[in-house]
Each structure stands twice: as C-alpha cells, then as structure tokens.
Amino acid sequence: MGEPLRIGVVGLGKISGAYLSTLGHLPGVQVTALADLDPARAAVAVQHAPEARACGVDELLTADDVDLVLNLTIPAAHAEVATTALRAGKHVYGEKPFALDLAQARAVLAAADGLRVGCAPDTVLGTGVQTARRAVADGLIGVPTAANATFTSPGHESWHPDPEFYYRPGGGPLFDMGPYYLTALVHLLGPVERVVAAAGRARTTRTIGSGARAGTEFAVEVDTHVSGVLVHAGGAITTLTTSFEVVASTQPRIEIHGTEGSLSVPDPNRFDGDVALRPRGADSWTVLAPSAGYVGAARGIGVLDLAVNHAAGRPHRASAEVAVHVLDVMETLLTAAHQHSGLQVSTSCERPAPVPLDAVADGESARLTGTPS
C-alpha cells in the first residue's frame, strides 16, 4: 500500500475509544492527530494513540500530516465537519448518520470533488452479515421474498451519562440504530424503492438514570418508535421496527425469508455472530460456518477498507453512496409516517462488493487477528 493513510480524529466521545483501539492495530493507517471541543478529552485520548498529538479542531482539519478526517462528532455536526474537511482537501470517514437530512448530505457530496467519503456502519463488513449475504447469493434460501428487522430498547438514558443527543434530530431509534439494520438490508437485499410507515413517542420528557447528572429531566424531540414496510428493488419486502419504547423482547434482529428457506442474521451492530439456515423441509436450524467477511474485525475496519481500495483505485465498501441512500430511506420513512402515506425513495445505490473470507486486497489480509472483536 505504500505510505500509511494518516488519520486525524475529530470528536473524542465514547465511541472514539473503540476506533482508536482498532486503528492502532491495523496496517496501512496511522492516527496522527486528535481533536475535540473539550481539550481535556484530546489530552486523555492521546494515551490511546501515542503517535498522535492533541490539537484544536480547526488546526486538525487543515493539518499537513492528516490525509483523512475521522469524524466522530455528534450527528448535528457531521455534515459541517465533513464539508470543512473536504474543502481543505482531506478524505472523510464519519460515524452514522451521514447527515441530519438529505439536503445536508448532498452538500457534503458536492464538496468531495474526487476525494474519498466513507461512513459507518462498517459492522456489515464482518463475518456475520457477509456470511448471510453469501448464503443469499448462493441461493440457499431460493429467491428472497421477505425480511423482518427489529431493534428494541427502553432507551439510552438508563446507562448513558449525557443521553440528550439520542432524543434530538439525528437521534431517536431510527437514526441511531436504523443505519445498522438498513445498511445490512441493502447488502443482503439491495436498495429500497418504496416505504410505508407509522411513528410516535410515548413521552415528551425522559430522565437521566446514571452518572453525575442522574435525575435530570430533558425533552424528547424525536419519534421514539418507528415501524415501516420497505419494498426493495428486487421485490423483497422488509418489515422494520426501531424503538426506544420496549422494555424487553425476544424477537430476532434480522431474518431473511425466501422460496426455499429462511436465514437468521446476527445483530448488525456486531461484526460477527451465528448465521443460521433452515431450508424448506428441514426440522431444525443449522449454523453456517463463516464464509465471507473480515475476520476479527472491529470498528474502524471501514477506514482500512477505504485506505486499501483507495490505494488500489477501487470503490470502498462503507461508501457515501450507501450511507446517503440509508439516510434517504430513514428520512422518507419519517415523512411517510407523518403524512400517513406511502412514498417513493428518491435515491438508490449499488451494493458494495462482497468481502470474501480472508480476502487479500493488495497484500492486506482480511484476517485481523490483532484487533479486538
């Protein structure tokens, strides 16, 4: 790959630790700079990236030793930080959602001008979703006809010390967790053409349950339960539920059904997990051995995938195209719910290339035995 892709990380909240841990083990990338609006966070984060320096946000976005800006800010800042970095000539990889709305997303893409733009989730590149994708592609369930995808939770305020952003625009169960499920569904079944939806919120306020601010009440500004029906371009129909209103559930995360069988897909918020197949006529489920995907992957593998494919002149898999389509699907779901109607999704995307098991891309093995799982 030649020289490593030099990375500057902006936003050093809770998720940054997972990225820094992974990136420190990966070949082809090097963390060189760390920045946060709170300088104390940057100073602490340097302990986990000893080759990096702490600096201000503006300095990082224009630094000569930064090739790619890893944007881990809160959702409301995703588009602004990405656009500024791109205008400074930096590639960008960001946390989900890509932006707060499609208009912001298009502004980011307009600023790219040939630069690479990537976006989480990269969990879909692990052995869980990729093995399921391989099973579908190999015809193990016949022609895909339907799917169900379910994320339920009572909400994040019970454990997160600063949960307000989960209940503001760019948050809620759909924008917070929906990208994992919808990105997996795009890999498995292709882009979405039409949606029907309903949404609501049971409470107008929530109360922080842990940390120094426990007992603090805050306003709920977004829908906290969203259910939709998605029609994929290939004809399969997915029933999707995302909720912060469910105390507990035994529903599967994702199931894919076809003319010749059904497939149980693991949690798309994880990189691995069991994929189980039940063919027509069988009386039990069979767990499939991993057959595709980056092995031992963790958050940040999408950055390596971008770096490897950028060096090789190929499309990277955790792409802006997929992320913008997923954003469009989410935005259209909420609009359909509020209008009490079905709507066409205005964008589409190509499915990224599948990840072969232990794939070798320009000499970089997909087996990442040194990374945390």
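**Exercise 1. Give the volume of the largest cavity in this predicted model and describe its lining.**

Solution.
Step 1. The volume of the largest cavity comes to about 110 Å³.
Step 2. Its lining consists of 19 residues. Cys-119, Ala-120, Pro-121, Thr-183 and Ala-323 are the ones that lie nearest the centre.
Step 3. Two elements, H7 and helix H9 (320-339), give two or more residues to this lining. H9 gives the most, with 5 residues.
Step 4. Sorted by class, the lining of the largest cavity holds 14 nonpolar, 3 polar and 2 charged residues.

**Exercise 2. State how many cavities of 30 Å³ or more the whole structure has, and characterise the second largest.**

Solution.
Step 1. The search over the whole structure returns 3 cavities of 30 Å³ or more.
Step 2. The second largest cavity has a volume of about 80 Å³.
Step 3. Residues lining the second largest cavity include Asn-71, His-78, Ala-82, Val-92, Glu-95, Phe-98, Val-108 and Cys-119.
Step 4. At least two lining residues come from each of H4, strand E5 (91-94) and strand E6 (117-119). E6 supplies the largest share, 3 residues.
Step 5. The class count for this lining is 7 nonpolar, 4 polar and 1 charged.

**Exercise 3. Describe the largest pocket by volume, lining and residue class.**

Solution.
Step 1. The largest pocket has a volume of about 1100 Å³.
Step 2. It is lined by 40 residues, and those nearest its centre are Lys-14, Ile-15, Leu-72, Ile-74 and Phe-165.
Step 3. The elements contributing two or more residues to the lining are helix H4 (78-87) and helix H7 (172-189). H7 contributes the most, with 4 residues.
Step 4. The lining of the largest pocket splits into 19 nonpolar, 9 polar and 12 charged residues.

**Exercise 4. Work out the strand order of the sheet and explain which strands have an open side.**

Solution.
Step 1. The open sheet has 6 strands in the order E3-E2-E1-E4-E5-E6, with parallel pairing.
Step 2. Strand E3 (53-54) and E6 are at the edges with a single partner strand each, so one side of each has no neighbour in the sheet.
Step 3. The partner of E6 can be read from the order: E5 and E6 pair in the parallel sense over 3 bridges. In one bridge of this pair, Tyr-93 is matched with Gly-118 in E6.

**Exercise 5. Place helices H1 and H4 relative to the sheet.**

Solution.
Step 1. Helix H1 (residues 16-23) lies across strand E1 (5-10), strand E2 (29-35), strand E4 (68-71) and E5. The angle between H1 and E2 is about 150 degrees.
Step 2. H4 packs on the sheet and touches E1, E4, E5 and E6. Its direction makes about 175 degrees with that of E4.

**Exercise 6. Decide whether H4 is largely enclosed or not, and list what surrounds its buried residues.**

Solution.
Step 1. A residue counts as buried under 20% relative accessible area. The residues of H4 that are buried are His-78, Ala-79, Val-81, Ala-82, Thr-83, Ala-85 and Leu-86.
Step 2. H4 is largely enclosed by the rest of the structure, because 7 of its 10 residues are buried.
Step 3. The surroundings of these buried residues are E1, helix H3 (57-61), E4, E5, helix H5 (102-112) and E6, against which they pack.
Step 4. After H4 comes Gly-89, with a positive phi near 85 degrees.

Key
Residues numbered from 1 in each chain as written. Predicted model: local features only at pLDDT ≥ 70, side-chain atom pairs only at ≥ 80, totals over all residues. Heavy atoms only, no water. 1 Å grid on protein atoms, 1.4 Å probe; cavity = no way out; pocket = protein on both sides within 12 Å on 5 of 7 lines; lining within 4 Å. Points joined across faces, edges and corners; volume = space filled by probe spheres on them. Nonpolar A, V, L, I, M, F, W, Y, C, P; charged D, E, K, R; others polar. Pairing = 2+ DSSP bridges. Contact = heavy atoms within 4.5 Å. Axes fitted to C-alpha atoms, helices over the stretch in contact; angles between N-to-C directions. Buried < 20%, exposed > 50% of the residue type's maximum accessible area, 1.4 Å probe, protein only.
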